[in-house]
Amino acid sequence: MIFPSEKTIEESYVPDYEKLYAQVKEDPEAFWANIAKELSWFKLWNKVIAWDYPYARWFVGGQTNIVYNALDRYQKTPIADKLAYIWEGQDGTVRKYTYRQLNEEVCRLANGLKSLGLKKGDKVSIYLPRIMEQIIAMLACAKIGLVHSVVFSGFSIEALKNRIIDAEAKTVICADGYPYKDKVIECKKNVDEAIKDLPQVEHVIIAKRAGNQITTNPGRDIWWDELITKQDTICSTEIMEATDPLFILYTSGSTGKPKGVIHSHGGYQVGTYLTLKWVFDIRSDDIWFCTADAGWITGHSYIVYGPLLNGITTFVYESVPDYPDRGKWWSLVEKYKVTKFYTAPTAIRSLMRYGDEWPKKYDLSSLKILGSVGEPINPEAWLWYYKTIGREQCPLIDTWWQTETGMFMLTPLPSSPLKPGSCNKPFFGVEADVVDANGKPVPVDTQGYLVIKTPWPSMLMDVYKNPKKYLETYFENEALNINKNNEASFSNFLYFTGDSAKKDKDGYFWIVGRNDDVIKVSGHRLGSAELESAFVAHPAVAEAAVIGKPHEIKGESIKAFVILKHGQQPTDTLKEELKKQVRTLIGPIATPDEIVFIDKLPKTRSGKIMRRVLKAQELGQPLGDTSTLEQ
Ligand code: PRX
């Protein structure tokens with residue numbers, strides 16, 4: 001156990017976790033209502049929470065807009081002249097935006113979007129790299145009640161197309177291209193391909209980044225700069241119901257099709273505002289560096305909304321940690337005097353490999369708190385991060401949460417005693433447990449299903465256009481014999497996270513990994529079924545099964561078992577072709593590490609592939625219950 005200093009405890013927002021946790025447990029509604037009142041509302045709610053199985057609705061009857069709280073309310077205060085963002089490009093270009101300038105840019109784009117005829121409730125797909133326009137676009141949409149659906153710029157044409165179709169987006173915002181190491185990624189080309197047969201897309205707005213040649217489609221395509229040039233820097237903020245959708249973000253699950261997770265204006269703002277503030281002990285002079293991309297939930301909650309709701313300065317770096325050299329991130333920490341740094345275990349593990357000489361070249365003494373997210377962090381990486389980057393003086397906050405939760409759920413606070421590799425305990429108002437298939441808590445140090453037993457304000461509202469999936473994934477999951485027949489009342493709320501975990505004698509949680517065919521590659525969430533469909537789309541492939549295998553740097557790597565169609569030859573060239581196929585259909589993050597050709601896959605008698613058996617065989621583990629296995 002690593003104990004925080006007395007000074008850290010005294011100075012933090014919550015010096016005594018246990019005491020406050022117990023207090024909040026008595027009356028979570030009052031707790032969240034008080035926090036919500038720290039933000040602005042056009043109209044206060046009638047009900048803090050309404051529970052209508054399986055939906056929790058927060059701040060019902062309240063009216064607000066997250067952008068009002070992120071930008072508008074500062075404009076007549078000194079925060080208006082404070083930096084909201086410092087952005088550095090891969091080529092060293094620096095762009096800085098005060099809260100006033102950011103607000104003006106957001107207003108101009110919002111007016112531009114209105115001039116294209118977009119109306120409250122319309123969906124906009126944002127396919128932008130890590131440039132300021134990505135953040136501005138999200139805020140502009142939210143300001144006028146449009147629902148943004150950000151698609152990570154590393155996703156391929158097919159993945160983008162499917163997300164545009166599912167979200168029914170009328171407009172796509174993209175860039176011409178962007179630098180990625182020594183290449184230019186031509187993302188406008190991907191958009192052209194993705195929407196060529198989609199008349200639903202009426203407009204494409206193109207932000208200029210790489211200056212590469214693009215083809216434009218007159219009447220449909222418009223340059224960002226041209227769209228905003230004549231627009232006013234004032235735009236009124238749409239009054240939204242607290243429960244109106246703010247965004248859709250697609251994430252992988254156990255089926256082939258990614259799910260559109262919906263978050264709201266009201267509850268989401270309360271959750272992201274408070275968790276960032278207390279967990280990272282946010283102060284007005286902080287320089288916050290979250291290394292994620294706003295294409296993922298971490299970026300939505302903790303690059304865009306959470307930091308702006310707290311009125312702090314966020315630093316954004318366009319490129320990867322080791323480009324142009326392996327000390328890049330550390331040089332940025334020194335240059336911008338970053339105080340709070342939040343990244344993923346994969347990055348830590350790869351930077352650790354490069355050796356201590358890189359961080360040692362730079363002055364990292366501005367750092368006060370370090371954070372980790374996205375996958376379990378192994379104790380070795382934890383300790384390296386804590387010692388080499390944090391000088392054994394920075395609390396290391398391992399935050400467990402999900403696209404669906406919107407905010408940190410299990411996490412230490414700066415005042416918490418730490419155990420390397422554990423994500424500590426639930427945040428205030430959150431009850432979590434580890435249970436067996438009947439929903440009964442398992443004994444200490446025993447692996448089971450991680451569940452959440454209370455609703456929380458930034459809980460997902462639904463799966464877009466698929467309430468059945470919402471119900472079956474998070475409440476009536478087939479792995480559990482509970483929550484069935486709509487019997488769940490408020491007192492037996494049980495949200496299924498899809499993770500396996502253990503709880504130790506001190507009540508600390510240890511995440512083991514996913515239990516639902518989701519693979520975490522470098523912290524990115526990919527579905528086995530999604531990957532398998534990409535293989536099967538190749539004309540030579542009859543069937544495929546994909547599993548995740550432990551990997552030293554990436555957390556998990558992708559291994560595919562492929563059955564070829566009759567007459568196809570299992571050659572290395574075909575393996576390469578299949579890898580390419582998966583990259584083209586999903587994106588480079590999904591590149592398989594290993595492909596083997598086999599003749600038979602383990603299946604249940606009803607024909608479902610038993611990936612669990614493949615995985616156990618691969619790892620030399622016991623096969624478990626194979627009674628349903630077809631012999
Ligand atoms: O398996 C857990 C893992 O990431 C999953 C959620 O993935 P995603 O929705 O992409 O969100 C990632 C960023 C919040 C979880 O179900 N996960 C997330 N954080 C941790 C983690 N596993 C272990 N420790 C964490 N701190």
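Here are three short exercises, with worked solutions, on a predicted model of a protein.

**Exercise 1. Work out whether the radius of gyration of the protein agrees with that of a compact globule.**

Let's start with the chain length, which is 631 residues. For that length, a compact globule would have a radius of gyration near 25 Å. The protein has 24 Å, which agrees. As a companion figure, the C-alpha atoms fill a box of roughly 70 × 60 × 55 Å along the principal axes. Burial can be added to the picture: 62% of the 631 residues count as buried.

**Exercise 2. Classify the aromatic pair of Phe 42 and Tyr 68, and explain what the pair ties together.**

First, take the geometry: the ring centres are 5.2 Å apart, with 70° between the planes. Planes over 60 degrees apart count as edge-to-face, and this pair is edge-to-face. Next, locate the partners: Phe 42 sits in the loop between helix 3 (28–36) and strand 1 (47–52), while Tyr 68 belongs to helix 4 (residues 66–70). The pair therefore ties together parts that are 26 residues apart in sequence. Finally, check exposure: Phe 42 is partly exposed at 35% relative accessibility, and Tyr 68 is partly exposed at 26%.

**Exercise 3. Do the same kind of analysis for Phe 341 and Tyr 385.**

Their centres lie 6.4 Å apart with 75° between the planes, again giving an edge-to-face pair. Phe 341 is in strand 18 (residues 340–343) and Tyr 385 in helix 15 (residues 379–389), so this pair links distant parts of the chain, 44 residues apart. As for burial, both Phe 341 and Tyr 385 are buried.

Methods: Residues are numbered from 1 along each chain as its sequence is written. This is a predicted model: local features need pLDDT of at least 70, side-chain atom pairs count only at pLDDT 80 or more; totals for chains, interfaces and linings use all residues. Side-chain values use heavy atoms; hydrogens and water are left out. The radius of gyration is taken over C-alpha atoms; the globule rule is 2.2 Å times the number of residues to the power 0.38. Buried means under 20% relative accessible area, exposed over 50%, partly exposed in between (1.4 Å probe, protein chains only). Rings of Phe, Tyr and Trp (its six-membered ring) pair if their centres lie within 6.5 Å; planes under 30 degrees apart count as stacked, over 60 as edge-to-face and the rest as tilted. Helices (H or I, at least four residues) and strands (E, at least two) are DSSP runs, numbered from the N terminus.
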